[in-house]
Amino acid sequence: MKKKGKKYQAVIAKVDTTKLYTVEEACALVKETSTVKFDATVDVSFRFNVDPKYADQQLRGTLVLPHGNGKTKKILAITHKEEEAKQAGADFVGGKELLQKIQTENWFDFDIIVATPDMMGELGKMGRILGPKGLMPNPKTGTVTMNIGQAITEIKKGKIEYRVDKEGNIGLSFGKVSFDANKLVDNLNAVVEALLKARPASVKGQYVKSAAIHTTMGPAIKFTFNGR
């Protein structure tokens with residue numbers, strides 16, 4: 001196993017692995033513990049006391065980060081309301097011809113698809129292609145809607161999706177190391193609030209098993225919050 005460098009060892013020493021930091025402490029510390037030269041992404045990881053094989057314990061939804069997460073998402077809008085989608089800032093707008101391009105050219109130069117309900121018949125035929133990539137639009141996440149302009153605007157402003165995996169984990173990016181610590185705090189609090197609100201009624205006892213934030217290549221910083 002490759003030994004970590006002195007710089008990384010010095011960073012590791014700043015983190016008390018036995019401590020649960022406050023949100024404010026964790027966000028300040030995560031900026032100090034980034035070891036890479038680029039503007040690293042700041043991620044948060046949760047382990048929940050849920051069993052996703054039961055429909056009522058599948059955590060999935062969206063939330064809006066007050067300051068975005070520093071990533072610009074390319075949006076593909078599949079709709080007949082093309083002008084509305086373009087004005088809202090969609091990167092690609094069209095109908096069947098763009099779906100055909102995905103099929104014939106293996107074109108995936110976008111991060112998310114939004115669509116109006118009338119186009120779901122065509123999109124449904126591409127479930128085997130879009131489903132495994134997590135690109136199929138869904139009314140639950142606001143990516144299938146008649147208000148397509150509003151949906152695009154919200155995504156561009158910082159709306160993100162979360163979804164629990166088979167082991168009960170959720171991980172997402174909520175900022176960059178270059179963000180002011182207060183902005184990271186605001187974003188992390190928004191994530192915590194949304195996930196606490198999404199607690200299934202069938203979950204008994206402790207809901208959040210653990211929570212930690214970290215940067216790209218950086219150490220995990222465990223944190224706690226009210227309502228846990």
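This report walks through the overall build, the salt bridges, the largest pocket and one helix of a single chain. Keep in mind that the model is predicted.

**Overall build**

Let's start with the whole chain. It holds eight helices and nine strands, and its C-alpha atoms fill a box of roughly 55 × 45 × 35 Å along the principal axes. Of the 228 residues, 44% are buried. If you look at contacts with a separation of 6 or more, 72% of them come from residues 24 or more positions apart.

**Salt bridges**

A search of the whole structure turns up nine salt bridges. Three of them are set out here.

| Pair | N to O distance | Relative accessibility |
|---|---|---|
| Lys14 and Glu32 | 3.9 Å | Lys14 43%, Glu32 44% |
| Arg60 and Glu161 | 3.1 Å | Arg60 28%, Glu161 33% |
| Lys74 and Asp109 | 3.2 Å | Lys74 34%, Asp109 35% |

Take Lys14 and Glu32, whose side chains meet in a salt bridge with an N to O distance of 3.9 Å. Lys14 sits in the loop between α1 (6–12) and α2 (23–32) while Glu32 belongs to helix α2, so the pair ties together parts that are 18 residues apart in sequence. Lys14 is partly exposed at 43%, and Glu32 is partly exposed at 44%.

Next up is the bridge between Glu161 and Arg60, where the closest N and O atoms are 3.1 Å apart. This pair links distant parts of the chain: Glu161 is in strand β6 (residues 159–163) and Arg60 in strand β2 (residues 60–64), 101 residues apart. Glu161 comes out as partly exposed, with a relative accessible area of 33%, and Arg60 is partly exposed too, at 28%.

Then there's Asp109 with Lys74, a salt bridge at 3.2 Å, N to O. Asp109 lies in the loop between α4 (96–105) and β5 (112–115), and Lys74 in the loop between β2 and β3 (75–78), so to speak of distant parts of the chain is fair here as well: they are 35 residues apart. Asp109 counts as partly exposed at 35%, as does Lys74 at 34%. Elsewhere, Lys96, Glu122 and Lys125 are joined into one network by salt bridges that share partners.

**The largest pocket**

Which residues lie nearest the centre of the largest pocket? They are Arg60, Lys133, Gly134, Leu135 and Glu161, out of 16 lining residues. Arg60 and Glu161 are already familiar as salt-bridge partners. The space in this pocket is about 370 Å³. Strands β5 and β6 each supply at least two residues of the lining, with β6 giving the largest share, three residues. By class, the lining is made of six nonpolar, four polar and six charged residues.

**Helix α8**

Finally, have a look at α8, which covers residues 181–197. Its 17 residues reach 24 Å from first C-alpha to last, close to the 24 Å expected at 1.5 Å a residue. The buried residues in α8 are Leu184, Val185, Asn187, Leu188, Ala190, Val191, Val192, Ala194 and Leu195. An α-helix has 3.6 residues a turn, so residues three or four places apart point the same way. And what do the buried residues of α8 pack against? Their partners are α2, β1 (41–48), β2, β6, β7 (169–176) and β8 (208–215).

Key
Residues numbered from 1 in each chain as written. Predicted model: local features only at pLDDT ≥ 70, side-chain atom pairs only at ≥ 80, totals over all residues. Heavy atoms only, no water. Salt bridge = Lys/Arg side-chain N within 4 Å of Asp/Glu carboxyl O. Helix = DSSP H or I, 4+ residues; strand = E, 2+ residues; numbered from the N terminus. Buried < 20%, exposed > 50% of the residue type's maximum accessible area, 1.4 Å probe, protein only. 1 Å grid on protein atoms, 1.4 Å probe; cavity = no way out; pocket = protein on both sides within 12 Å on 5 of 7 lines; lining within 4 Å. Points joined across faces, edges and corners; volume = space filled by probe spheres on them. Nonpolar A, V, L, I, M, F, W, Y, C, P; charged D, E, K, R; others polar. Expected span 1.5 Å × (residues − 1). Contact = heavy atoms within 4.5 Å.
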